[in-house]
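Please examine the structure shown below alongside its sequence. The paragraphs that follow lead from a pocket to the surface and then to the charged contacts.

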Amino acid sequence: MNNLKNSAKKLDRVFEIVHIVLGALAVAAVVFIILIGLGYAMGWDPEFLGTGYASFDIGFLELEAAPGYGPDPWLVLGHAAFALAVSTLLLLEGRRGVRCIRGILQPMTEEKPFGESAVSNLRKLAKLSIRMGVLWNCITLSEAIVMVYAYDMPGLLLSEKISHVGSAMELDLSFVIYWAILMLLSYVFQHGQQLQKLSDETL
């Protein structure tokens, strides 16, 4: 039991640091969103905010459109602002998730692995996994849409040797599996909590 207590304390310190880092990243994302908004409103040169607007990746390939064939830099920056906004929400949800994990670890530091807070925090984590999965899909789908339409991928790649360019946008539904695992764990902890309560009453 001492090993569990010590391990829980060490993990709690690690997640405390993670909580702070996620907060700092969220603040940085908001600052950059504000900069993009100010730049667009005040007519700044897009190069002041970033470079490589005509560059993009396809898997392991790095491509760069020729002058005049790249997308509008402000369109790329607009997508960056959207992705950062969703990422900010994702980071904030991540902070909530870290708080839930620390809530699960807290009873373990007191040598009570099946504390009352464990079940509720596991169920909160399950709900968070759904929200974070949806947010992550919003980012990946927006990147795919920008790649196909803003960069005009079909127009850039079609040639005598390539007769058709299609796109297959897929959702990552792995978060449903995480939700199911976390819900299952919550029932396991609930059963353990009941057994612990019966044991305490017996003693």
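In this predicted model, 19 residues line the largest pocket, and those nearest its centre are L128, S129, M132, G133 and Y178. Four elements each give two or more residues to this lining: α1 (2-42), α2 (73-109), α3 (116-150) and α5 (174-202). Helix α3 supplies the largest share, with seven residues. The volume of the largest pocket is about 250 Å³. Sorted by class, its lining holds twelve nonpolar residues, six polar residues and one charged residue.

One of the residues nearest the centre of the pocket, G133, deserves separate attention. G133 belongs to helix α3. Its relative accessibility is 8%, and because buried means under 20%, G133 counts as buried. From the C-alpha atom of G133 to that of A118, 15 residues away along the chain, the separation is 22 Å.

The surface offers another view of the model. There, V27, V30, V31, I34, L35, L38 and M42 make a nonpolar patch of about 590 Å². Within this group, V30 is placed in helix α1 and is partly exposed, its relative accessible area being 35%. Helix α1 also contains I20, which counts as exposed at 54% relative accessibility. The C-alpha atom of I20 is separated by 8.3 Å from that of R95, although their positions lie 75 residues apart along the chain.

A strand may be considered next. S55 is located in strand β1, which covers residues 55-58. With a relative accessibility of 30%, S55 counts as partly exposed. S55 and Y151 are 96 residues apart along the chain, and their C-alpha atoms are separated by 9.3 Å.

Which contacts join charged side chains? In the whole structure, a search finds three salt bridges. In one of them, D12 pairs with R102, and the closest N and O atoms are 2.9 Å apart. This pair links distant parts of the chain, since D12 is in helix α1 and R102 is in helix α2, 90 residues apart. The partners differ in their exposure class: D12 counts as buried at 14% relative accessibility, whereas R102 is partly exposed at 26%.

Another salt bridge is formed by the side chains of R96 and E93, with an N to O distance of 3.2 Å. These residues are three positions apart in helix α2, so about one helical turn separates them. R96 is partly exposed, with a relative accessible area of 38%, while E93 is buried, with a value of 10%.

E93 also meets R131 in a salt bridge, at 3.1 Å from N to O. Because E93 lies in helix α2 and R131 in helix α3, the pair ties together parts that are 38 residues apart in sequence. R131 counts as partly exposed, at 39% relative accessibility. Through shared partners, the salt bridges join E93, R96 and R131 into one network.

Taken together, these details place helix α3 in two settings. This helix contributes seven residues to the lining of the largest pocket, and it holds R131, the partner of E93 from helix α2. Helix α1 likewise recurs, as one of the elements that line the pocket and as the location of D12, which is paired with R102 in helix α2.

Note on methods
Residues numbered from 1 in each chain as written. Predicted model: local features only at pLDDT ≥ 70, side-chain atom pairs only at ≥ 80, totals over all residues. Heavy atoms only, no water. 1 Å grid on protein atoms, 1.4 Å probe; cavity = no way out; pocket = protein on both sides within 12 Å on 5 of 7 lines; lining within 4 Å. Points joined across faces, edges and corners; volume = space filled by probe spheres on them. Nonpolar A, V, L, I, M, F, W, Y, C, P; charged D, E, K, R; others polar. Patch = residues over 30% accessible without salt bridge, like charges linked within 9 Å, V, L, I, M, F, W, Y side chains within 5 Å. Areas by Shrake-Rupley, 256 points an atom, 1.4 Å probe, with all protein chains shown as cover. Salt bridge = Lys/Arg side-chain N within 4 Å of Asp/Glu carboxyl O. Buried < 20%, exposed > 50% of the residue type's maximum accessible area, 1.4 Å probe, protein only.
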